[in-house]
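Visitor: Please take a close look at one part for me: the largest cavity. What lines the largest cavity? I would also like a word on the cysteines.

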Amino acid sequence: MNQVVELTVAAQDDGMRIDAYLRANTEFSRSRVSALMLEGAVSVEGEVQSKPSFKVAAGQQIELIVPETRPVDIVPQNIPLDILYQDADVVVVNKPCGMVVHPAAGNEDRTLVNALLYHVQDLSGIGGEMRPGIVHRLDKDTSGLILIAKNDRAHAVLSDQFKERSMEKHYRAVAFGNFPQDNGLIDAPIARHPIDRKKMAIVADGKPSQTEWKVLERLKSATYLDIHLLTGRTHQIRVHMHSVGHPLLGDRIYAPNLKTSVHIPRLMLHAYSLAFTHPVTGERMELCAPMPEKFAATLEKLR
């Protein structure tokens with residue numbers, strides 16, 4: 001059954017763009033609002049309005065018809081999932097190394113989304129589809145904390161936090177070699193590699209990318225680091241560390257020929273801690289993910 005949302009424009013909202021107005025006064029993201037408008041689901045004073053730039057006026061009656069959430073063509077699968085926190089709006093999962101987040105060509109199933117659709121029973125849908133809202137992603141080979149929204153409202157608020165950098169993420173990593181300083185900042189733009197499209201690279205006109213690092217422990221031929229992401233680009237930590245001559249151990253993409261005295265069974269990168277403001281309660285939350293066994297055992301051998 002369709003959901004009908006009826007709104008009356010308040011005096012303080014006079015002159016707002018309708019997409020911004022609906023974003024501020026409903027649980028839906030601006031992209032979701034725009035999609036609904038294109039579908040003819042928004043009317044002002046009884047007339048369908050499909051232009052996101054339309055300016056609302058005080059006292060106008062707006063009706064938004066939200067179609068029933070559609071099922072997605074993704075099979076729920078009973079895959080073990082380490083859920084560290086869950087409530088009516090969000091889920092925080094400790095993703096294992098080797099698990100892909102989204103189904104895609106070559107990885108159609110056995111993904112985090114397949115597992116979430118099986119284990120999480122109270123999804124209300126994202127963007128009109130019955131699916132979890134992945135707020136940020138982790139590479140297949142990176143383990144650790146990943147935040148998922150259960151509904152449009154939570155997804156929109158958490159996505160804003162991610163863009164505004166009020167969401168704080170720290171990683172544990174082991175990089176090759178010894179860092180001369182105890183801490184530092186890598187500030188170098190990242191974009192798709194100009195030749196190898198499966199990789200990212202430092203590119204002059206790429207997206208601004210910043211990575212803070214701090215030495216936790218100096219090992220025999222490597223360094224154990226705390227890494228704080230100030231931006232969230234694909235492969236950011238891997239690209240930045242490689243660019244300064246300290247590739248991550250176990251990185252089969254950016255340092256496939258790296259030789260070490262110890263066998264490295266996995267990428268030595270773990271999303272260790274995550275802090276965010278709850279999208280409904282406003283409570284500041286911080287969670288930590290236990291160190292995976294293979295990561296901890298390899299770190300011990302490197303000492």
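Guide: The cavity comes first, then the cysteines. This is a predicted model, in which local features need pLDDT of at least 70 and side-chain atom pairs count only at pLDDT 80 or more, while totals for chains, interfaces and linings use all residues. Residues are numbered from 1 along each chain as its sequence is written, and side-chain values use heavy atoms, without hydrogens and water.

One cavity of 30 Å³ or more is present. A cavity here is a set of points, on a 1 Å grid over the protein atoms alone, where a 1.4 Å probe fits but cannot get out. Its volume is about 30 Å³, taken as the space filled by probe spheres set on the points. Lining residues have an atom within 4 Å of a point. They are His136, Leu145, Lys169, His170, Tyr171, Ala271, Ser273 and Leu274. Strand 9 (168-176) and strand 15 (269-277) each supply at least two of them. Strands are DSSP runs of E, at least two residues, numbered from the N terminus. By class, the lining has four nonpolar, three polar and one charged residues. Tyr and Ala count as nonpolar, Lys as charged.

Now the cysteines. A disulfide is a pair of cysteine sulfur atoms within 2.5 Å. By this rule there are zero disulfides. For Cys97, the nearest cysteine sulfur is that of Cys288, 20 Å away. That is too far for a bond, so Cys288 does not pair with Cys97. Cys97 is partly exposed, at 32% relative accessible area. Cys288 is also partly exposed, at 41%. Partly exposed lies between buried (under 20%) and exposed (over 50%), with a 1.4 Å probe and protein chains only.

Technical notes
On a 1 Å grid over the protein atoms alone, a cavity is a set of points where a 1.4 Å probe fits but cannot get out, and a pocket is an open set with protein on both sides within 12 Å along at least five of seven lines; lining residues have an atom within 4 Å of a point. Helices (H or I, at least four residues) and strands (E, at least two) are DSSP runs, numbered from the N terminus.
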